[in-house]
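The following exercises concern a single protein model and are to be worked with the sequence and coordinates at hand. Each task is followed by a solution in steps.

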Amino acid sequence: MTQESSPAPDNQTLTITDNRTGKTYEVPITHDTIRAMDLRAIKVKDTDFGLMTYDPAFMNTASTRSRITYISGSQGILRYRGYPIEQLAEHSSFLETASLLLDGELPKRGALDSFTHQITNHTMVHENIREFIDAFRYDAHPMGILTSTVAALSTFYPDAKDLDDPAVRRLQILRIIAKMPTLAAYAYRHRRGLPYVYPDNDLSYSGNFLNMLFKMTEVKYQPNPIIEKALDVLFILHADHEQNCSTTAMRGVGSSGVDPYSALAASCAALYGPLHGGANEAVVRMLTEIGSVKNIASYVERAKAGEVRLMGFGHRVYKNYDPRAKVIKKLAYMVFDEVGKNPLVDIAVALEKIALEDEYFVSRKLYPNVDFYSGLIYQSMGLPMDLFPVLFAIGRTPGWLAQWEEMLTDPEQKIARPRQIYLGEDKRDFVPMVDR
Ligand code: CMC
C-alpha cells in the first residue's frame, strides 16, 4: 500500500463486531492500516487459530514500512527518498540516484566521487565467470544467463554471508551494482559470438556499459553522448518501484538470511516474466505483429475481447498515468533525433491515442506504463529484444539492494511466510494400488 508520509494520529482505532459471537474488538489504526496479527484475537472458541485476511497477489496488504520510494497510483506520482522522478531524470545521474536510494540523501560531491570510484573499481569479474558464461548454449536468452550468473557470483564471495556486518553488506552492494553491466554485456556478446570486452574505467557507468556491448576493433571506444545520457536516464527511471514482484522476491528470499547474490538472482527471475520486466520486449513484438497503423483497430478489438493484452498498458498501482512513461516518451524522441526514427513509433503513438479514447481502457484506467516506449528506445540503440529485461535489471539493481538492506535492518521483519486457507481433502487413509 502506498500512502503519504505524514504520520497518522496514534489514537485512531477500528471497532469490529464478530457476528458469529456478538463480541466487539478494537484494533489500532496506524497510517491507515490495521495489523493483520491484531485480527488473530478474533475467535469463536479459544482453541481457534483466529481470524486471518485472505489477499491473493497482495492486492491490499502492506508487507513492510519503507522509507525508500513513494508512489501515488491515483495521482501518478513516483518519488525516490522524496525526490520526484521527473527531477531526478532531468538533473541526476544513475550512480547519484543509486547512492540516494541506498543512503537516503543526495550525496555531497566527495561522497559521490568516492561511491563512483568504488563502483568503477568493482566492474571486473573473475575469469571463471567468463568461462561460466561460455558454457551456455549459443542462443541462450541473456536474462537466463544473467539470472544464473548472478547466482553463481555467490560462490565467489563466501564473505557475503555475514549479513550482520554493515561493511560486508556495503561491499556486496558495490560489487553487484558494478558487475551487473559486465555480466549483461558478456551475456550479449556470448549470444553474438563476439569476444568479451573488459570494462573501461575511464568511462561513465552507462558509457562503459556501451563500451562492453559495442566495442569492436577500435583501440578506445567513444560512447555517443546522447545514447549514453538516454541509457543513464532509463536506468534512473527503473531504479526502484517499491514493493513490485521482483522486489518482493528480493525481500522474501533475502528474509531467509541467504546472501544477496542468491536473493538478487530470485529478483532477476521474477523480472524475467512477461507481466513484469519482460513487458518491454513484449511491446516491441506486439507492435511488430500489428505491423501497420491500419491494423490497430482490429488489434484493440482483440484486446477488448480478452484474446490479447495491450502490452505496455495497465499497471497494478498507477491508475492515472505512469509518470515514467511521460519522461520516456520525450527521451524516445531525443534518441530518434540522434539515430533515426524507429518505424514502430508511429504505430505506438496511434495505438496509445486510440486506447486512451476507448471506453474499455478508460473505464479500467489502463494507461501506457514505463515499458510502452522503453523497448522502442532500446531497439533504436541497436539492442536486441531479449536484452531488454536485462537492461531493466541493471537499472533496478540499486532499488533491490536498498530494499534488501532496509528489510535486513528492520527489527519487525522475519522470514517471509504467508498463511493459506486449506481447501483440500480431509484426512483419508492410503489406498493400495490394487484397490484404486
Ligand atoms: N490490455 C488489455 N486489458 C487489460 C490490460 C492490458 N494490458 N491490463 C489489464 N487489462 C484489463 C483486464 O483484462 C481486466 O479487465 P476485466 O476487469 O474486464 O477483467 C482489468 O483490466 C484489470 O486487469 P488486472 O489483470 O486485474 O490488473 P492487474 O493489476 O492484475 O495487472 C498488469 C497489472 C500490469 C499485470 C496488467 O495491466 C498487464 O498485464 N499489462 C500488460 C503487461 C505490462 O505492460 N506489464 C508491465 C507493467 S509496468 C513494468 C513493471 O512494473 O514491471
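**Exercise 1. Determine which residues Tyr373 touches, leaving aside those up to four places away in sequence, and classify its burial.**

Step 1. The contacts of Tyr373 beyond four places in sequence are Ile328, Lys329, Val345, Ala348, Val349 and Glu352. The model under study is a predicted one.

Step 2. Tyr373 belongs to helix α16, which comprises residues 371-380.

Step 3. The relative accessibility of Tyr373 is 1%. Buried means under 20%, so Tyr373 is classed as buried.

Step 4. As a check on distance, compare Tyr373 with Thr17: the two are 356 residues apart in sequence, and their C-alpha atoms are 50 Å apart in space.

**Exercise 2. Establish whether Lys215 is buried or exposed, and identify the nearest side chain of opposite charge.**

Step 1. Locate Lys215 in the loop that joins α7 (205-214) to α8 (225-238).

Step 2. Lys215 is buried, and it has no salt bridge.

Step 3. The nearest oppositely charged side chain is that of Glu218, at 5.7 Å. A salt bridge requires a separation within 4 Å, so this pair does not qualify.

Step 4. Examine the backbone of Glu218 as well: its oxygen lies 2.9 Å from a polar side-chain atom of Lys215.

Step 5. Residues up to four places away in sequence aside, Lys215 touches Arg189, Val197, Leu210 and Tyr221.

**Exercise 3. Describe the salt bridges formed by Glu307, Asp322 and Lys341, with the accessibility of each partner.**

Step 1. Recall the principle that side chains of opposite charge can pair when their charged atoms come close. The structure holds 23 salt bridges.

Step 2. Glu307 pairs with Arg302 at 3.3 Å, N to O. Glu307 is exposed at 55% relative accessible area, whereas Arg302 is partly exposed at 30%.

Step 3. Asp322 pairs with Arg324 at 2.9 Å, N to O, and both residues are buried.

Step 4. Lys341 pairs with Asp346 at 3.0 Å, N to O. Lys341 is partly exposed at 47%, and Asp346 is partly exposed at 40%.

**Exercise 4. State how many residues surround the ligand and which are closest.**

Step 1. The ligand is surrounded by 19 residues, of which His276, Arg309, Leu310, Gly312 and Arg316 are the closest.

Step 2. A backbone N or O atom of Leu310 is 2.7 Å from a ligand nitrogen, and a polar backbone atom of Gly312 is 2.8 Å from a ligand oxygen.

Step 3. Arg364 contributes a polar side-chain atom 2.9 Å from an oxygen of the ligand. The ligand taken alone exposes 940 Å², and the protein buries 73% of that.

Key. Residues are numbered from 1 along each chain as its sequence is written. This is a predicted model: local features need pLDDT of at least 70, side-chain atom pairs count only at pLDDT 80 or more; totals for chains, interfaces and linings use all residues. Side-chain values use heavy atoms; hydrogens and water are left out. Helices (H or I, at least four residues) and strands (E, at least two) are DSSP runs, numbered from the N terminus. Buried means under 20% relative accessible area, exposed over 50%, partly exposed in between (1.4 Å probe, protein chains only). Lys and Arg count as positive and Asp and Glu as negative; His and the chain ends are not counted. A polar contact is a pair of N or O atoms within 3.5 Å; within protein, one must be able to donate a hydrogen and the other to accept it, and residues adjacent in sequence count only if both atoms are side-chain atoms. Contact means heavy atoms within 4.5 Å. A residue is near a molecule or strand if one of its heavy atoms lies within 4 Å of it. Accessible areas come from the Shrake-Rupley method with a 1.4 Å probe; for residues, only the protein chains shown count as cover.
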